[in-house]
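Hi,

Here is the structure I promised to pass on to you. Have a look at it first, and then read on for what turned up.

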Amino acid sequence: MKKAGINSVSLGIFAWATLEPEEGVYNFDWMEEIMDNLYENGIYTILATPSAARPAWLDEKYPEVMRADAMGVRRRHGGRANSCMSNPVFREKIGNLNRKLAERFSHHPGLVMWHVNNEPCGVCFCDSCAATFRKYLSAKFDNDIEKLNDAWWTAFWSRKYNNFDQIEPPYSNGEFVTGLHLEYKRFMTWAAADLMKHEMSILREANPAIPITTNVMEMQNSLDLHEYVKEMDAVSWDSYPSFHNNTESLEETLRQSGFNHNMMRSLKKDRPFMMMESAPGCASGFPYNKQKRPGVHKMHALQAIACGSDTVQYFQIRKSRGGFEQHHGAVIDHAGINNRIFREVAEVGEMLKKLAPVAGTTVPAKVALLFDWDNRWSLQLAQGMRNGDRGYEKTCVEIWKAFNKVGVEIDIVSSTDDLSDYKVLVAPMMYMTHPGVAEVLKKFVAEGGQLLSTYLTGYIDENQLCHLGGFPGDDLTSLFGIISEEIDTLYPTDKNHIEFADGTRAEAFDFCELLQVLDADVLAKYTDDYVAGTAAVTKKAYGKGNAYYVAARVAAKDMVPLFEQMLADAGIPTMKAPEGIVHHTRIGEEGEYDFYFNATTEPIALPDLKGYDMLREVEVDGTVEIEGYGVVVIKRA
Ligand code: GLA
């Protein structure tokens, strides 16, 4: 580890069966020996609670701790990430072990952080969850079943409930009420966060000075990350991009990875995040587990830093001889450390030492993309328009990439976040609006913000009821100066087009709304089909800002002129890096740190750089050549 420049490890993540081999029998000496040994060698420990995998004795004695599937059928012993998150027995048993761990280790000089659970995810449909869900609903709807009936529109198809006891989780062979489905998703986030808080409170009792994190996953569907991370001291996540795949260029993979990092960074904007896991070589759980080509590991590691991470960590240190992940890449292979992968890991270790001044800095972006879990789930649950994947995630990623390509840092925020620091906001497909969001958006624009929304905006409220009085509802019609009269769904083979005043044309596909223009400027019109000649893109000056509406799905690249106009009006400069270069910036009190990644195998000249080249340790002023798969980090005063 010292040879690789490693200065902290996350330990004991799945070690319940070893830490507590029988109920109430604790075996911690081995852990202490490792922590002592690490500490004496200058390596800190992030100590995990082992809640992500259960020992056999627990499942045998208390089967109710095992999750039930969507038919309500209890899972069997084995696997991981499959405990019932609301079950009181599970909470009691993991609580007992955590208390003992905290008593023993929370004042160990080598302990820098707690790592609770591992990649929390998934849904449980057991009786314990059903009972807790009913209590949760009763509190939410003031113990008034009629309030729930109204909110979920249960008269339709005779779904009316007489009391809360009749409500069941949305089993796959049971009820389909969209309000119920959405609320169960929210409930699962609540249950996961509540379990985490339970674990955290025990650790904090023993030593409140030790920060706590949980490693989450990219674009995770089952947890609303904005809600889930609230109690954590730092956000950490596990990054496994599929480098060198057969569907996109390495540049696109890197930009997708940048999107994922930025989402994590945006969850707690005032502090760095942690890249808790990455594969030193290949992973093992994907359909194809390709090795990173020489140099790519360095790009993967430093891109995390470039986007706001203060750590580069690995799964796994020593390759596991057996078990499910025995072929997964590791820092130390079965054959030892005389190999390419170890050398590349060690090279990253050296680079991180040089980049130490970057630690603690953040990325104060002025542009935000709205990505909202409640909205995402609502788009998944809706019946109508086009069923199946409505392309929300892809649309968001493509828009983020378009801003990244013009050198603009862009946060990824939820509609309930504080938007006051931003000048430009893109809110695509905001189908569901939370109460109060329309007011926030109006204030944002009135005070000088540039806002862009699209088709499928403002259709339903937080309980899935349609807004009345025209879409986009909640009086967003007055902000955009349009009413969306109807939405047409196109087959994949159908195409329409839009044309801007200067004659620029773009393809429109998937969704085309027919707009009534109330008081907005028309920037582009449809050219085909029954909507030909009607407005497709509008702009309304509202207070000191502007509200744009794009009524049809067009590729993000075709919206770039609109984005550039918004950036120019907001006074935000753009910067086009040469083709093949991915760029990110972190900002600290001592300067700005520009990271350039060459996503091609050929050298590329980076013109007009001025500052300190942190990896080569020289001042530069002019053109700097960046090798294929190379990284250049320039510190500007
Ligand atoms: C996840 C888990 C790890 C390991 C890796 C493999 O991120 O947290 O335990 O299984 O995947 O890539």
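In the side chain of glutamate 325, an N or O atom sits 2.4 Å from an oxygen atom of the ligand. Please keep in mind that this is a predicted model. Glutamate 277 also reaches the ligand: one of its polar side-chain atoms is 2.5 Å from a ligand oxygen. Histidine 328 joins in, with a side-chain N or O atom 2.8 Å from an oxygen atom of the ligand. As for how the ligand is covered, the protein takes up 91% of the 310 Å² of accessible area that the ligand has on its own.

Which other residues are found around the ligand? Besides Glu277, Glu325 and His328, the list has Phe14, Arg80, Asn118, Glu119, Asp238, Tyr240 and Phe315. By class, this shell divides into five charged, three nonpolar and two polar residues.

You may also want to look at the salt bridges, and the count for the model is 44. Three of them are worth going through.

- Lysine 93 and glutamate 92 meet through their side chains, at 3.1 Å from N to O. Lysine 93 counts as buried, because its relative accessibility is 8%, whereas glutamate 92 is partly exposed at 42%.
- Arginine 159 pairs with glutamate 175, at 2.9 Å from N to O. Both residues lie in the loop between helix H6 (145–152) and helix H7 (178–206), so the salt bridge ties together parts that are 16 residues apart in sequence. Each partner is partly exposed, arginine 159 with a relative accessible area of 27% and glutamate 175 with 22%.
- Glutamate 592 forms a salt bridge with arginine 636, and their closest N and O atoms are 3.0 Å apart. This one links distant parts of the chain, since glutamate 592 belongs to strand E21 (residues 591–598) and arginine 636 to strand E24 (residues 631–636), 44 residues apart. Glutamate 592 is partly exposed at 26% relative accessibility, and arginine 636 is partly exposed at 32%.

Salt bridges can also share partners, and in this way Glu23, Lys61, Glu92 and Lys93 are joined into one network. The pair of lysine 93 and glutamate 92 from the list above is part of that network.

Now to the strands. An open sheet is made of four strands in the order E1-E2-E3-E4, with parallel pairing. Its edge strands, each pairing on one side only, are strand E1 (8–11) and strand E4 (212–213). E1 runs parallel to strand E2 (residues 44–48), and four bridges join the two. At one place in this pairing, serine 8 stands opposite tyrosine 44 in E2.

Strand E18 (residues 545–550) has two pairings to look at. How many of its six residues are buried? The number is six, and the strand is described as mostly covered. Cover is found on both faces: Gly545, Ala547 and Tyr549 are buried on one side, and Asn546, Tyr548 and Val550 on the other.

Strand E12 (residues 450–454) runs parallel to E18, with five bridges between them. Here threonine 454 has valine 550 in E18 as its bridge partner. Strand E17 (residues 535–542) pairs with E18 in the antiparallel sense, over six bridges. In that pairing, threonine 538 stands opposite tyrosine 549 of E18. E17 and E18 also form a hairpin with two residues between them, and glycine 543 in its turn has a positive phi of about 60°. If you are checking pairings in your own viewer, recall that strands of a sheet pair through backbone hydrogen bonds, either parallel or antiparallel.

One last residue for you is histidine 108. You will find histidine 108 in the loop between helix H4 (88–105) and strand E3 (111–115). Is histidine 108 buried or exposed? Histidine 108 is buried, because its relative accessible area is 11%, under the 20% limit for that class. Its side chain makes a polar contact of 2.7 Å with the side chain of aspartate 36.

Happy to talk any of this through whenever it suits you.

Best wishes

Terms used. Residues numbered from 1 in each chain as written. Predicted model: local features only at pLDDT ≥ 70, side-chain atom pairs only at ≥ 80, totals over all residues. Heavy atoms only, no water. Salt bridge = Lys/Arg side-chain N within 4 Å of Asp/Glu carboxyl O. Buried < 20%, exposed > 50% of the residue type's maximum accessible area, 1.4 Å probe, protein only. Near = heavy atom within 4 Å. Polar contact = N/O pair within 3.5 Å; in protein donor to acceptor, adjacent residues only side chain to side chain. Areas by Shrake-Rupley, 256 points an atom, 1.4 Å probe, with all protein chains shown as cover. Nonpolar A, V, L, I, M, F, W, Y, C, P; charged D, E, K, R; others polar. Pairing = 2+ DSSP bridges.
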